[in-house]
Amino acid sequence: MIGIVNYGAGNIFSLTAALDRLGLRYGMINSEAEFDLYEKIIIPGVGHAGTAMQKLSDTGLVPKIKSLNKPVLGICVGMQLLTEFSEEGNSQLLDIVPLKTLRFRELESKKVPHMGWNRVYSNSGQPLFNGIASGAYFYFVHSYFIEFNPNFTVAYCDYGIKFSAAIQNNNFYGVQFHPEKSGEAGETLLKNFANL
Amino acid sequence: MLSKRIIPCLDVKDGRTVKGVNFVDLRDAGDPVELAWQYSNQGADELVFLDITATHEKRKTTIEMVKAVARQVNIPFTIGGGISEIKDAEALLNAGADKISINSAAVRNPQLINDLAKAFGVQFVVLAVDTKHLPIGDFVHLNGGRIATEIETQKWIKEAEQRGAGEILLTSMDKDGTKSGFDNVLLKQINDLVSIPVIASGGAGSSEDFVDVFKLTDVDAALAASVFHYGEILIPELKALLKKEQIEIRL
């Protein structure tokens with residue numbers, strides 16, 4: 001069963017709807033003890049990374065999250081929280097993956113936010129991308145991105161600059177796109193996470 | 001590369017879709033959920049629902065519809081119509097809408113754009129603009145083009161971007177319903193003016209019109225209603241043509 005960290009950063013209706021469609025069971029995590037009820041953990045998140053970090057800190061769940069050794073998936077801002085720092089509000093984050101979250105600069109006259117379907121190129125043998133072709137399209141909506149780093153980037157995307165579409169450090173995974181809005185590819189990824 | 005988006009637009013009244021839709025295998029053409037599901041299966045990249053009778057009394061029906069769509073559909077969708085307060089938008093967000101579009105409420109109260117962007121992020125706020133060409137320039141119109149304003153379209157869009165609109169949905173009232181192609185001149189001008197995504201709307205009559213709008217203006221997305229609903233343009237065929245024309249598209 002999947003536990004969703006409930007810390008008030010954005011709406012999770014679409015995420016739970018996707019899990020329902022896939023027949024994946026889930027529950028909400030509001031306390032430290034509730035982490036033990038689930039085999040997999042999702043950290044959702046939309047909006048401002050600094051605000052989201054503040055809300056997560058306020059729950060008191062941060063030390064527990066950092067100590068987890070079961071699979072954890074951060075989605076969108078939930079992924080950015082795994083990094084050490086975000087330029088959004090110059091915020092210190094969880095520092096579980098030693099990378100930085102940066103703002104898209106208007107390079108090559110690209111538009112910000114990066115909004116829409118873009119290709120995600122995954123490393124071969126990545127369990128999250130099992131059965132998903134490298135170069136498959138996923139749905140993105142974000143103005144900040146996690147820098148590309150071959151040690152932690154397991155799938156990348158290109159938007160004027162190559163950035164991390166998915167990262168991994170041990171049992172911690174993150175995806176910048178919204179799997180719950182990314183058609184079949186997104187649903188496959190959620191199933192893969194559930195099967196880790 | 002970011003792909004260009006194809007967006008069917010559905011008009012909704014009292015939680016039911018209106019205007020004829022004649023997909024052969026559709027059981028209930030008025031069911032927004034079934035339609036949304038059909039479009040997403042055909043390869044639509046996103047959906048827009050325009051609530052044409054949105055009032056506070058009817059809001060509850062719309063919320064239920066939004067929830068039903070979010071439960072069933074795995075692509076993003078936008079809800080527009082009758083949103084004039086933060087609490088309207090919040091209810092839609094919590095029901096699973098990915099974006100909301102605002103039009104006349106923003107013209108009456110431009111601060112609404114700032115407030116929505118601050119509360120939910122710019123990515124949630126689509127500014128819909130209905131524009132008409134007049135001898136002295138392009139002007140914003142309200143109520144489906146019936147009421148002219150003295151606001152210049154270009155100036156309004158730039159202001160909205162600065163206030164925190166995350167995307168522009170530009171409908172040319174000169175082109176709407178004519179099936180003579182998108183207003184590529186104006187769309188190019190607007191697209192070059194802003195650094196947020198622009199959705200082209202109004203005038204789609206053939207698949208070639210979509211090729212033209214992407215090639216001539218570089219807008220991010222193109223929206224149409226009747227040509228999709230009546231099956232005059234089939235999304236898989238449209239996307240195959242766009243691909244052949246070297247336009248980045250999700251297949």
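A:E87 is partly exposed, with a relative accessible area of 26%, where buried means under 20% relative accessible area, exposed means over 50% and partly exposed lies in between (1.4 Å probe, protein chains only). Its side chain meets that of A:R105 in a salt bridge, at 2.8 Å from N to O, a salt bridge being a side-chain nitrogen of Lys or Arg within 4 Å of a carboxyl oxygen of Asp or Glu. This is a predicted model, in which local features need pLDDT of at least 70 and side-chain atom pairs count only at pLDDT 80 or more, while totals for chains, interfaces and linings use all residues. Residues are numbered from 1 along each chain as its sequence is written, chains are lettered from A and ligands numbered from 1 in the order in which they are written, and side-chain values use heavy atoms, with hydrogens and water left out.

**Salt bridges**

- Side chains of opposite charge can pair when their charged atoms come close.
- Over all chains, the structure holds 20 salt bridges.
- In the pair of A:E87 and A:R105, A:E87 lies in the loop between β5 (83-86) and β6 (91-92) of chain A and A:R105 in the loop between β7 (97-103) and β8 (114-122) of chain A, so the salt bridge ties together parts that are 18 residues apart in sequence; helices (H or I, at least four residues) and strands (E, at least two) are DSSP runs, numbered from the N terminus.
- A:R105, like its partner, is partly exposed, and the relative accessible area of A:R105 is 47%.
- A salt bridge of 3.4 Å, N to O, is formed by the side chains of B:E248 and A:R119; because B:E248 lies in the segment after α10 (235-244) of chain B and A:R119 in strand β8 of chain A, this pair joins two chains.
- A:R119 is partly exposed, at a relative accessible area of 22%.
- Within chain B, B:E159 forms a salt bridge with B:R163, and the closest N and O atoms are 2.7 Å apart.
- B:E159 and B:R163 are 4 residues apart in helix α6 (residues 153-163) of chain B, so about one helical turn separates them.
- Both residues of that helical pair are partly exposed, B:E159 with a relative accessible area of 28% and B:R163 with one of 24%.
- Salt bridges that share partners also join B:R5, B:E46, B:K99 and B:E167 into one network.

**Annotated positions in chain B**

- The UniProt annotation "active site", which comes from an unreviewed entry, covers B:D11 and B:D130; UniProt positions are given in the numbering used here, feature names are shortened, and annotations may be inferred rather than shown by experiment.
- B:D11 has its place in strand β1 (residues 5-13) of chain B and is buried, with a relative accessible area of 15%.
- B:D130 is found in strand β6 (residues 125-134) of chain B and also counts as buried, at 12% relative accessibility.
- When neighbours within four places in sequence are left aside, B:D130 is in contact (heavy atoms within 4.5 Å) with B:N103, B:F139, B:V140, B:H141, B:G144, B:T171 and B:M173.
- The side chains of B:D130 and B:N103 are joined by a polar contact of 3.5 Å, a term for a pair of N or O atoms within 3.5 Å, where within protein one must be able to donate a hydrogen and the other to accept it, and residues adjacent in sequence count only if both atoms are side-chain atoms.

**Cysteines**

- With a disulfide taken as a pair of cysteine sulfur atoms within 2.5 Å, the count comes to 0 disulfides over all chains.
- A:C157 is in no disulfide, and the nearest cysteine sulfur, that of A:C76, is 13 Å away.
- A:C157 counts as buried at 0% relative accessibility, and B:C9 is buried with a relative accessible area of 9%.

**Overall form of chain B**

- Chain B contains 10 helices and 11 strands.
- The radius of gyration of chain B, taken over C-alpha atoms, is 17 Å, close to the 18 Å that the globule rule (2.2 Å times the number of residues to the power 0.38) gives for 251 residues, so chain B is as compact as a globular protein of that length.
- Of the 251 residues in chain B, 58% are buried.

**A buried lysine in chain A**

- A:K64 sits in helix α3 (residues 62-67) of chain A and is buried, with a relative accessible area of 19%.
- Apart from its neighbours within four places in sequence, A:K64 is in contact with A:E32, A:F35 and A:D36.
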